[in-house]
Amino acid sequence: MESHINWYHNVMSLVRNWYMIQTAAVDPQARKMEFDDELMGQLIRFVSSHEVGHTLGLRHNFGSSSTVPTEKLRDKAWVEANGHTPSIMDYARFNYIAQPEDNIAQKGLFPRIGDYDTWAIEWGYRWHPEAKNADQEVALLNKITIDKLKNHVYGGEMAKVIAMIQEARRKI
Ligand SMILES: [Zn+2]
């Protein structure tokens, strides 16, 4: 297998403009036309991480950011620890909800490889020697998915949806 990521010439201008417009109120480093190399490197890392996700088979996950309560986007400790979206494959861009008085560092402003991404890669790539054939592996992966959705990735609302699906299946 082989894949390529094409990086067109003005992606750097694009991500600079996004970061400036969305975070300059919070991050003084975003208030100049030419960013420092360290910041540009982090911006390139953000975009390239997303693109590498595609090469590994991940699709866009536009739902992940909806799982983060809006008030958490201004909660310094929480957003710096967890990020503002559970997936780099979302189009969540930067945390533009943060306000200057929140004193949120760059790590609370940037998308990052998140819980959804690590779970999706594990789902797709982890070897399950206990599954002796494809049917057993599908059943195992379904169980892993249901357990994960109940407890983590999408929180309580998804648990209700799963319970409804399981109830509907029992009636069939
Ligand atoms: Zn994409």
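Trainee: Which residue meets aspartate 36 in a salt bridge?

Mentor: In this predicted model, the side chain of aspartate 36 pairs with a lysine, at 2.9 Å from N to O. That falls inside the 4 Å limit for a salt bridge. The partner is lysine 32.

Trainee: Are aspartate 36 and lysine 32 buried, partly exposed or exposed?

Mentor: Buried needs under 20% relative accessible area, and exposed needs over 50%. Aspartate 36 has 36%. Lysine 32 has 36% as well. Because these values lie between the two cut-offs, aspartate 36 and lysine 32 are partly exposed.

Trainee: How many salt bridges are there by this rule?

Mentor: The rule asks for a side-chain nitrogen of Lys or Arg within 4 Å of a carboxyl oxygen of Asp or Glu. The pair of aspartate 36 and lysine 32 is a salt bridge. By the rule, the count comes to seven.

Trainee: How far apart in sequence are the parts that arginine 74 and aspartate 102 tie together?

Mentor: Arginine 74 forms a salt bridge with aspartate 102, with the closest N and O atoms 2.8 Å apart. Arginine 74 sits in the loop between helix 2 and helix 3, and aspartate 102 in the loop between helix 3 and helix 4, so the pair ties together parts separated in sequence by 28 residues.

Trainee: Which of arginine 74 and aspartate 102 is buried?

Mentor: The cut-off for buried is under 20% relative accessible area. Arginine 74 has 36%, so this residue counts as partly exposed. The buried residue, at 12%, is aspartate 102.

Trainee: Which residues are linked with Arg74 in a network of salt bridges?

Mentor: One partner is already known: arginine 74 forms a salt bridge with aspartate 102. The network also takes in a glutamate. Arg74 is linked with Glu101 and Asp102.

Trainee: Which residue forms a salt bridge with glutamate 122?

Mentor: The closest N and O atoms of the pair are 2.8 Å apart. Glutamate 122 is partly exposed at 35% relative accessibility. Its partner is partly exposed at 46%. That partner is arginine 126.

Trainee: Where does tyrosine 125 lie, and which nonpolar residues make a surface patch with Tyr125?

Mentor: Tyrosine 125 lies in helix 4, residues 115-125. Patch residues need over 30% relative accessible area. Tyrosine 125 has 48%, so it passes that cut-off. The patch covers about 500 Å², and Tyr125 shares it with Ile5, Trp7, Met12, Val52 and Leu56.

Trainee: Which residues coordinate the zinc ion?

Mentor: The donor spacing in sequence is H-x3-H-x5-H. Each donor atom is an NE2, and the distances are 2.0 to 2.1 Å. The residues are His50, His54 and His60.

Trainee: Which of histidine 50 and histidine 54 is buried?

Mentor: Both lie in helix 2, four residues apart, or about one turn of the helix. Histidine 54 has 29% relative accessibility, so it counts as partly exposed. The buried residue, at 7%, is histidine 50.

Trainee: Which side chain makes a polar contact with serine 64?

Mentor: Serine 64 lies in the loop between helix 2 (37-55) and helix 3 (76-82). At 2% relative accessibility, serine 64 is buried. The contact is 2.8 Å, and the partner is threonine 85.

Trainee: What distance separates the centres of domain 1 and domain 2?

Mentor: The assignment places domain 1 at 1-114 and domain 2 at 127-172. Their centres are taken over C-alpha atoms. The separation is 30 Å.

Note on methods. Residues numbered from 1 in each chain as written. Predicted model: local features only at pLDDT ≥ 70, side-chain atom pairs only at ≥ 80, totals over all residues. Heavy atoms only, no water. Domains from an automatic or database assignment. Patch = residues over 30% accessible without salt bridge, like charges linked within 9 Å, V, L, I, M, F, W, Y side chains within 5 Å. Areas by Shrake-Rupley, 256 points an atom, 1.4 Å probe, with all protein chains shown as cover. Helix = DSSP H or I, 4+ residues; strand = E, 2+ residues; numbered from the N terminus. Buried < 20%, exposed > 50% of the residue type's maximum accessible area, 1.4 Å probe, protein only. Polar contact = N/O pair within 3.5 Å; in protein donor to acceptor, adjacent residues only side chain to side chain. Donors = N, O, S within 2.8 Å, 3.2 Å for Na, K, Ca; no water.
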